[in-house]
Amino acid sequence: MQLVDNAVPATASKLALLGAEPAFQDTLHVGRPNIGDARRFLARVQEMLERRWLTNDGPLVKEFEQRIADFVGVRHCIAMCNATVALEIAIRALDLKGEVIIPSYTFVATAHALQWEEITPVFADMDPRTHNIDPAAIERLVTPKTSGIIGVHVWGRPCETEAIELVASRHGLRVMYDAAHAFGCSHKGRMVGSFGACEIFSFHATKFLNSFEGGAVVTNDDDLAEKMRLMRNFGFAGYDRVIYLGMNGKMTEVCAAMGVSSLEGIDEIIAINRRNHEAYRYGLKELPGVTIIDYDGAERNNYQYVVVEIDPALATLNRDELVAVLHAENVLARKYFWPGCHRMEPYRSLQPNAGLLLPETERIGSRVIVLPTGETVGVDTVSTICRLIRTAFGHAVDVRRALDCRAAPLAPVAR
Ligand code: T4K
């Protein structure tokens, strides 16, 4: 593996922000889809077209569900059109009401799924060591209106499920997990997907395992599974019989074809992600104020997110300055999950003081940067990105001056 030489930052003039050509001609994205074996996918699509069964619980969806359930080791998998709808259906099937406690540090879909069901998301602070919801913060937010908790396994690193379920049992609350990031990960040797009443995966194009758009609810609860299966299809329990308020949450056959093909290549994708993660760790080693978040080597991980924390007290540039440097190089690094759900609408207006109880979410949220990885990113690319980061930190004064000039209003033209 060719890795970056940590010792030698290039000269400042090599940075696009300071006038050089961008290091990359084509934009590097966080979330560039992994395609896997396109021929196998296309063969499945051809068969699907010949079968003329395109959606509504077709054979590819059934196969995808069975394979996911087997992989995770649960009794039921109900595939859906995306994880947001899967969250909504699960929330309704669990009969959550009133207030539900969730982290603010998550993709806004977790909060929206509740608000859409007219349930108030109550934002709990994170544990800064894990970026996951802090069980002690949950306990402090329980009120007579609280009906449940949705934990989010941020970056695929599992929540403290034991502590969360203890709080839940003390207060009689239901627990479910947004496992959008955590397919293929384990917690204490048990696959994510089998915790709480149910868990939700996302197979969106940007996820390491993708079905274009897609998601799934997995559960060991037979009754809950049956209810969600019907709710996914308008609540139909037979040709002319509707027994629940349902919606259209179905996964299409073409999405399932992509999902099955992706699943067949999962080991290769994880190996690539892991290799890239290690290359980033090596490339950013011992850079003051820069920490790459780690995965527990004793567990199964998908390594789909390369997450770096920049400590403004120790690093020569802050997170936003580094993002500007990388964007100028066509590296579209992302500030997930900035600024936190509580600062997004409608929560910002509905709960204007929520931030007062979220100091760690605010602090960590302003430090995190997510870097590109996946099938389209090779170790040479990782080396270049790390070298750019080292160069920027090594020439912070020049970088800051260039950013100040860009921000300054144009001086009036002299006559
Ligand atoms: N819960 C959690 C914790 C989640 O993180 C998510 C989704 C959900 C629930 C909801 O799951 P779904 O309902 O989506 O199944 C992206 C994804 O769209 C979103 O699925 C994901 N989390 C989130 C973390 O990332 P954006 O708004 O950042 O997407 P966007 O359009 O900026 O795309 C990201 C990058 O990927 C861009 O630079 C472009 C690139 N890209 C994207 C697509 C779709 C490509 O190169 N090709 C593509 O086909 O949310």
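Trainee: How many nonpolar, polar and charged residues are in the lining of the largest pocket?

Mentor: Good place to start, and do keep in mind that this is a predicted model. The largest pocket holds about 540 Å³ of space, and 32 residues line it. Sorted by class, that lining has twelve nonpolar, 15 polar and five charged residues.

Trainee: Which residues are the closest to the centre of the largest pocket?

Mentor: You can look for them among the 32 residues that line this pocket. The closest to its centre are Ser202, His204, Thr206, Lys207 and Tyr305.

Trainee: Which element gives the largest share of the lining of the largest pocket?

Mentor: Let's begin with the elements that give two or more residues: they are strand 9 (199-202), helix 4 (109-116) and helix 3 (83-93). The largest share amounts to three residues, and it comes from helix 3.

Trainee: What about the second largest pocket: which helix gives the most to its lining?

Mentor: This pocket has about 200 Å³ of space. Its lining includes Asn56, Asp57, Glu226, Arg229, Leu230 and Lys250, and by class there are two nonpolar, two polar and five charged residues. With three residues, spanning 222-231 as an element, the top contributor is helix 7.

Trainee: Now the sheet, please. Which strands stand at the edges?

Mentor: Three strands form an open sheet with antiparallel pairing, in the order 13-14-16. Each edge strand has a single partner strand, so one side of it is left without a neighbour in the sheet. That describes strand 13 (290-292) and strand 16 (368-371).

Trainee: How many bridges join strand 14 to strand 16?

Mentor: In general, strands of a sheet pair through backbone hydrogen bonds, either parallel or antiparallel. Strand 14 (residues 306-310) and strand 16 run antiparallel, and Val308 stands opposite Ile369 in strand 16. The number of bridges joining strand 14 to strand 16 is four.

Trainee: Which helix packs on the sheet touching strand 13, strand 14 and strand 16?

Mentor: Try comparing two helices here. Helix 10 (residues 319-328) packs on the sheet by touching strand 14 and strand 16, and its direction makes about 25° with that of strand 16. The helix that touches strand 13, strand 14 and strand 16 has a direction at about 160° to that of strand 13, and it covers residues 266-283: helix 9.

Trainee: One last thing: what does the twist average from one strand to the next?

Mentor: Follow the sheet in its order, 13-14-16. Going from one strand to the next, the twist averages 30°.

Terms used. Residues are numbered from 1 along each chain as its sequence is written. This is a predicted model: local features need pLDDT of at least 70, side-chain atom pairs count only at pLDDT 80 or more; totals for chains, interfaces and linings use all residues. Side-chain values use heavy atoms; hydrogens and water are left out. On a 1 Å grid over the protein atoms alone, a cavity is a set of points where a 1.4 Å probe fits but cannot get out, and a pocket is an open set with protein on both sides within 12 Å along at least five of seven lines; lining residues have an atom within 4 Å of a point. Grid points are joined across faces, edges and corners, and a volume is the space filled by probe spheres set on the points. Ala, Val, Leu, Ile, Met, Phe, Trp, Tyr, Cys and Pro count as nonpolar, Asp, Glu, Lys and Arg as charged, and the others, Gly among them, as polar. Two strands pair if DSSP finds at least two bridges between them. Axes are lines fitted to C-alpha atoms, for helices over the stretch in contact, and angles run from 0 to 180 degrees between N-to-C directions. Contact means heavy atoms within 4.5 Å.
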